[in-house]
Amino acid sequence: MTRLVLPDTDRVLSRQTGWSRAHWEALADHLLDSLVPYFSPGASLVELPGRPSRSGTASDALEGFARSFMLAAFRIAGVQGKGCEELIERYARGVANGANPDHPEAWLRLTPRSQQMVEAAAIAVSLHETREWIWDRLDTRAQEHVAEWLGGFNGSTTHDNNWRLFQVVSEQFLASVGAPYSQDDIDGGLDRIEDWYVGDGWYSDGDGQNFDNYIGWAMHLYPGLWARMAAATPGAQYEDRLKAYRERIKLFLEDALYLVGNDGAPIYQGRSLTYRMAAATPYWMGAILDSTPLTPGQTRRLCSGVARHFVQHGVPDERGVLTLGWYDTFLPTTQQYSGPGSPYWASKGFVGLILSPEHPVWTDPEDSVPLDDADQLRAMPKPGWIVHASRHDQVVQLVNHGADHAPVAEPAGVEPAGDPHYNRLAYANHAGPDLSDHEPHIDNLISLVSADGAASGRGRIRRLGVDEHRASSWQKAWLGTEGPWAIEITSVVHSGWEIRCALVEGPAGASVRSGGFAVAGESLPTATAEAVVASARNDDGLVSAVVGLHGYDDAGVHRGLGVNPFGAHSATPYLTAPHRGEPLVLVNAVLLTRDALRPEALAEGIDVAVDGTTVRISLPGGVEVVELGRNRIA
């Protein structure tokens with residue numbers, strides 16, 4: 001397999017990343033060419049090696065075809081098919097054979113809530129964007145087979161989340177080519193996502209507090225692509241909805257601008273992170289819909305930064321394949337629905353290729369982003385986040401008091417299990433949570449711990465509010481069948497630090513544990529712990545530290561092996577305090593930095609006074625007063 005070869009960097013056009021459209025095309029071509037050995041003889045399936053998904057290998061092989069077809073479609077459409085003859089022939093043949101029910105490589109039929117529905121949407125989008133070069137060249141019988149296969153959506157049922165949009169775009173494609181479809185399905189799906197729009201450009205992905213990267217690469221992507229299809233459908237009414245979608249993506253990008261470091265590293269939070277470059281999707285879509293607060297140069301800067309970041313970290317692998325993981329293969333990053341073809345939804349991050357080479361996003365010089373010029377702090381009340389970032393070390397941190405991915409309702413007395421991709425108090429772009437079914441969850445959690453080592457989790461996050469630099473929430477804590485007790489937490493962000501003030505109820509004899517970030521690398525992080533200060537440093541110079549400011553009496557460092565997406569060896573500093581049965585006020589600072597700062601200096605520079613449940617924090621430059629005790633469990 002040939003290795004990835006990129007053009008020389010262009011520091012005149014792209015002073016920060018050096019990337020141009022030629023780099024994107026070269027990366028897309030390498031990904032597509034590297035898949036050729038995995039195509040079935042009839043070209044309708046891509047059978048990649050790796051762990052099968054819960055849907056089975058037949059579905060996984062369809063997934064490999066459909067998701068790579070989306071990448072091929074964007075590549076073909078952007079250059080009007082020129083120079084893409086082999087690509088066009090390969091995918092046209094695959095579509096014709098896969099949709100043919102009598103072919104030995106026929107695709108699985110669409111059944112309610114089946115994984116095939118997801119892949120069908122990718123095929124519908126791809127056929128629309130390449131209509132002139134693929135759909136229009138299929139013979140009548142092949143077109144009928146495709147329409148019949150996609151027609152499995154008509155009147156069917158999807159999962160009640162972003163899957164509603166798979167039905168919408170698939171049936172809109174059918175409408176655009178004069179095939180049978182249901183307008184009720186299309187309208188019903190688009191009406192349903194209105195229930196999940198929470199304002200400021202943010203959707204929840206379904207009912208609940210489901211906020212993550214999916215919002216950008218699904219809830220904003222598919223409505224925009226639907227509008228492109230509807231515009232090509234005679235008599236379709238889409239202008240009013242398109243106006244709303246354009247307004248929303250512009251608002252969303254005002255926040256999303258801060259979710260990527262100035263080195264292109266996106267925040268590791270939420271599910272399906274193995275889609276990697278898909279993090280660039282909403283920035284491109286803002287330009288495609290001509291509704292973005294970003295300049296063309298900022299758009300390309302952000303998107304190229306994301307792609308370049310993963311390339312610099314070994315993506316794709318030496319075979320040219322996108323593996324199940326973050327950088328390298330790391331299965332705990334994935335979900336049960338992730339098959340070997342799943343990572344090829346990185347294709348969404350290449351949607352900008354449908355913009356012509358003459359579009360300003362490709363021709364304008366790169367612009368700087370706010371983080372290039374100054375440290376950043378931004379409150380995002382709709383998802384319940386505060387994002388803060390350092391321009392010096394390219395570290396972006398997300399303080400989480402609102403996204404939990406928990407079911408909307410649970411039976412009385414049952415708390416949902418916490419998902420480590422959502423339940424942490426903080427996430428970052430250069431550090432991720434330890435992901436283990438066998439080791440305790442410590443990083444970025446405040447937990448009750450029983451004498452036998454059992455620890456409470458953070459399942460449902462109950463919001464108390466977000467303002468410019470602080471956010472609050474509370475959670476129910478259980479120790480086995482004992483409980484619940486309330487843990488209330490307020491995070492105050494100041495100069496790159498997060499100060500956590502907690503009011504913890506619990507039983508006498510238990511302890512309270514508060515963890516900082518897990519840092520990881522291929523070699524063992526160095527670590528220290530003494531009194532109420534603990535820190536760990538990885539081989540990249542990233543330091544995680546926790547400093548007790550009130551109530552804690554001990555510190556330690558937990559080490560993990562093979563449980564972190566950022567490296568084989570991880571280390572998490574933490575603090576502990578005994579619980580005596582009365583509500584306990586605790587305060588500590590959390591730090592993630594590459595600066596050579598003594599963690600003890602934090603304690604020396606911050607004065608904390610506690611009066612009952614009132615915490616007074618004297619900081620360089622001001623005083624913060626935190627009132628705890630707003631929630632109690634009867």
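A strand, as I use the word today, is a DSSP run of E with at least two residues, and strands are numbered from the N terminus. With that in hand, I can place my starting residue. What I am showing is a predicted model.

Glutamate 415 sits in the loop that runs between strand 5 (396-400) and strand 6 (426-428). Is this residue buried or exposed? Glutamate 415 has a relative accessible area of 18%, and buried means under 20%, so glutamate 415 counts as buried. Setting aside the neighbours within four places in sequence, the residues in contact with glutamate 415 are Gly459, Arg460, Arg462, Lys476 and Trp478. One of these, arginine 460, comes up again: its backbone nitrogen is reached by the side chain of glutamate 415 at 3.4 Å.

Next, a residue in another loop. Asparagine 100 is located between helix 3 (85-99) and helix 4 (115-129). Its relative accessible area is 19%, so asparagine 100 is also classed as buried. What does asparagine 100 touch, once neighbours within four places in sequence are left aside? The answer is Ala106 and His145. There is also a polar contact close by in sequence: a polar atom of the asparagine 100 side chain lies 3.0 Å from the backbone nitrogen of aspartate 102. For a sense of distance, take asparagine 429, which is 329 residues along the chain from asparagine 100. The C-alpha atoms of the two asparagines are separated by 44 Å.

Now the cavities. How many of 30 Å³ or more turn up when the whole structure is searched? The search finds 6.

The largest cavity has a volume of about 190 Å³. It is lined by 18 residues, and those closest to its centre are Asp212, Asn213, Phe252, Leu259 and Tyr283. Three elements each give two or more residues to this lining: helix 8 (214-219), helix 10 (239-256) and helix 11 (281-288). Sorted by class, the lining of the largest cavity holds 14 nonpolar, 3 polar and 1 charged residues.

The second largest cavity has a volume of about 80 Å³. Which residues line this one? They are Leu257, Tyr258, Val260, Gly261, Asn262, Leu302, Val369, Pro370, Leu371, Gln376 and Ala389. By class, that makes 8 nonpolar and 3 polar residues, with no charged ones.

To recap, glutamate 415 and asparagine 100 are both buried, and the largest cavity has a volume of about 190 Å³. That is all from me.

Notes
Residues are numbered from 1 along each chain as its sequence is written. This is a predicted model: local features need pLDDT of at least 70, side-chain atom pairs count only at pLDDT 80 or more; totals for chains, interfaces and linings use all residues. Side-chain values use heavy atoms; hydrogens and water are left out. On a 1 Å grid over the protein atoms alone, a cavity is a set of points where a 1.4 Å probe fits but cannot get out, and a pocket is an open set with protein on both sides within 12 Å along at least five of seven lines; lining residues have an atom within 4 Å of a point. Grid points are joined across faces, edges and corners, and a volume is the space filled by probe spheres set on the points. Helices (H or I, at least four residues) and strands (E, at least two) are DSSP runs, numbered from the N terminus. Ala, Val, Leu, Ile, Met, Phe, Trp, Tyr, Cys and Pro count as nonpolar, Asp, Glu, Lys and Arg as charged, and the others, Gly among them, as polar. Buried means under 20% relative accessible area, exposed over 50%, partly exposed in between (1.4 Å probe, protein chains only). Contact means heavy atoms within 4.5 Å. A polar contact is a pair of N or O atoms within 3.5 Å; within protein, one must be able to donate a hydrogen and the other to accept it, and residues adjacent in sequence count only if both atoms are side-chain atoms.
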